[in-house]
Amino acid sequence: MSPAKTFRDAACVVLVRGHGRELEAFWVRRGDAVPSQPGFMAFPGGKVDAADADFPMAAVNDEFERAARVCATREALEETGVLVGVDGPVDPAALAAARDALLGGRATLADVVREHGWALHPETLTFAGRWQTPVFAAMRFDTLFFVSRVPEGQAPSVIPGELASGEWVRPLEALDRWRRGERTFVAPILWTLIALAEGEEDLAARLAQGPERAKTPVRRIEMQWGVVLHAMPTKPLPPARYTNAYLIGETEMALVDPGSGEPEHLRELFALTDHLASEGRRVTMIVVTHHHPDHTGGVPACREHYGARVVGHRLLAEHVKLDVVVKDGDVLPLAPGLNDWTLRVLETPGHTRDSISLWQAKRQLLFCGDLLPGGPGSVVIDPPDGDMRAYLATLERCAALDPAVLFPAHGSPSGAAVRRIRALIAHRLERESKVLAALDVGPRPLEDLVPRVYEDTPRELWGWAERSLLAHLEKLEREGRAERAGEGWRASAR
């Protein structure tokens with residue numbers, strides 16, 4: 001039900017120009033419709049294609065590295081119109097034609113190189129680190145990073161689509177925007193920018209050391225300054241295997257959903273917060289989004305370790321000892337730093353009756369617990385605690401806030417937040433239409449309806465699908481569109 005995730009081979013290229021204080025990198029904003037990291041800042045790159053491995057390159061023996069170097073070269077041309085590793089000047093019209101052929105799927109990189117007679121040397125790209133996507137992500141990549149100067153006479157440009165925009169930026173300026181909460185990006189981008197900001201001396205070595213630096217002395221994932229994600233192994237509903245605990249704030253921190261009570265997992269969390277304490281950050285409150293065990297497992301140990309108050313919905317008190325009971329609209333104050341960190345409590349029922357989310361209005365951040373998954377799929381709504389009608393109303397309310405970034409309890413944080421919420425609403429309504437279509441005049445038990453409504457769902461998940469099906473039916477019953485008939489359900493006669 002939750003098989004081990006495999007990595008997809010990928011490559012990324014950091015285009016640079018200038019020297020010293022004038023050194024700049026070309027970074028891009030990912031489009032809102034892409035499945036991975038929508039709206040985040042990144043460097044050009046993508047998945048390795050089968051044709052990448054066929055490009056001749058005698059100077060590189062390692063099969064993965066060879067394909068990744070070609071991939072980085074191809075992606076730079078597709079996404080920015082720049083051909084790196086090429087000998088001599090290149091005609092702009094030929095570059096544009098080659099880019100169009102690649103994007104249209106009419107040619108491979110080897111094809112356009114032969115057609116235009118270019119001497120191309122992907123082996124000359126400078127290695128800049130090997131990064132692997134963290135365990136909490138739904139899609140995981142094994143990515144080789146490279147750095148290359150933009151050849152003379154060429155200039156990068158972005159065709160809107162997978163990418164929304166691109167620009168040259170000085171590394172320190174990019175880091176400053178991140179600290180102000182204006183940009184969101186993942187660890188490889190952060191540590192690449194840090195290495196570039198440190199100067200050109202020994203740059204290649206520092207870039208290559210990025211993955212090691214990112215986990216020394218502890219692994220720290222901070223996609224926005226002041227929001228640290230720590231994935232704890234738990235036993236949530238499939239296919240998730242981790243719960244994201246969040247540490248929010250710059251001096252005073254709220255710890256959200258420490259889901260594991262296992263000693264080894266708690267040691268890792270405590271090591272991270274000890275490291276943050278060395279920077280002047282300390283945990284002052286523990287916020288629990290709802291009562292499921294994969295969100296509460298570490299609460300008792302964290303209360304004892306930090307001496308912090310435990311905060312939650314009044315119904316959560318039936319499951320967890322609370323020090324502070326909150327309701328919709330209550331404010332959780334955290335001391336400001338470079339940014340305001342005041343959190344507003346939102347009651348967000350649907351997944352459970354005691355669900356809350358946290359809203360940081362100035363930066364438009366929504367910490368949404370199990371309201372939305374961080375990746376493909378949807379959330380199980382399990383009656384009687386789960387309520388589909390309340391769930392859809394909650395999603396509508398959250399969309400109206402116009403959040404910029406979603407921080408879910410499972411999977412990856414996501415930009416393009418409103419688009420993501422709207423897509424989940426549309427998915428639920430589409431499923432509801434399937435429920436209505438499956439209902440007959442005669443009653444049908446749930447086990448007969450599941451294959452008709454969830455034919456696109458793996459059979460091993462049908463048990464959970466049946467619970468969400470019941471939630472849909474109860475919603476339709478309240479609306480007068482379905483009714484119970486003994487042990488089954490049928491279309492309403494009204």
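Biologist: Which residue is the bridge partner of Tyr246 in β11?

Modeller: Happy to help, and please keep in mind that this is a predicted model. Strand β10 (residues 242-248) and β11 run antiparallel and are joined by three bridges. They form a hairpin with three residues between them, and Gly249 in the turn has a positive phi of about 125°. Within β11, Tyr246 is bridged to Val256.

Biologist: Which residue in β12 does Ala254 stand opposite?

Modeller: Here we look at how β11 meets strand β12 (residues 282-287): the two run parallel, with five bridges joining them. Strand β11 (residues 252-256) is largely enclosed by the rest of the structure, because four of its five residues are buried. Opposite Ala254 in β12 stands Met285.

Biologist: Which helix gives the most to the largest nonpolar core?

Modeller: Good one! That core has 58 residues, and Phe43, Val287, Leu332 and Leu358 have the most contacts inside it. Leu332, for instance, touches residues including Met285, Val287, Trp341 and Leu358. With eight residues, the top contributor to the core is helix α5 (residues 187-197).

Biologist: Is helix α1 roughly parallel or roughly perpendicular to α2?

Modeller: Let's start from the axes of α1 (residues 63-80) and α2 (residues 92-103), which come within 9 Å and cross at roughly 105°. Angles of 65 to 115 degrees count as roughly perpendicular. Therefore the orientation of α1 to α2 is roughly perpendicular.

Biologist: How many charged residues does the contact of α1 with α2 have?

Modeller: On the α1 side are Arg74, Leu77, Glu78, Glu79 and Thr80, while α2 brings Leu95, Ala98, Arg99, Leu102 and Leu103. By class, five are nonpolar and one is polar, and the number of charged residues is four.

Conventions: Residues numbered from 1 in each chain as written. Predicted model: local features only at pLDDT ≥ 70, side-chain atom pairs only at ≥ 80, totals over all residues. Heavy atoms only, no water. Core = buried A, V, L, I, M, F, W, Y, C linked by side-chain atoms within 4.5 Å. Buried < 20%, exposed > 50% of the residue type's maximum accessible area, 1.4 Å probe, protein only. Contact = heavy atoms within 4.5 Å. Axes fitted to C-alpha atoms, helices over the stretch in contact; angles between N-to-C directions. Parallel < 35°, antiparallel > 145°, perpendicular 65-115°, else oblique. Nonpolar A, V, L, I, M, F, W, Y, C, P; charged D, E, K, R; others polar. Pairing = 2+ DSSP bridges. Lists of a residue's contacts leave out its neighbours within four places in sequence.
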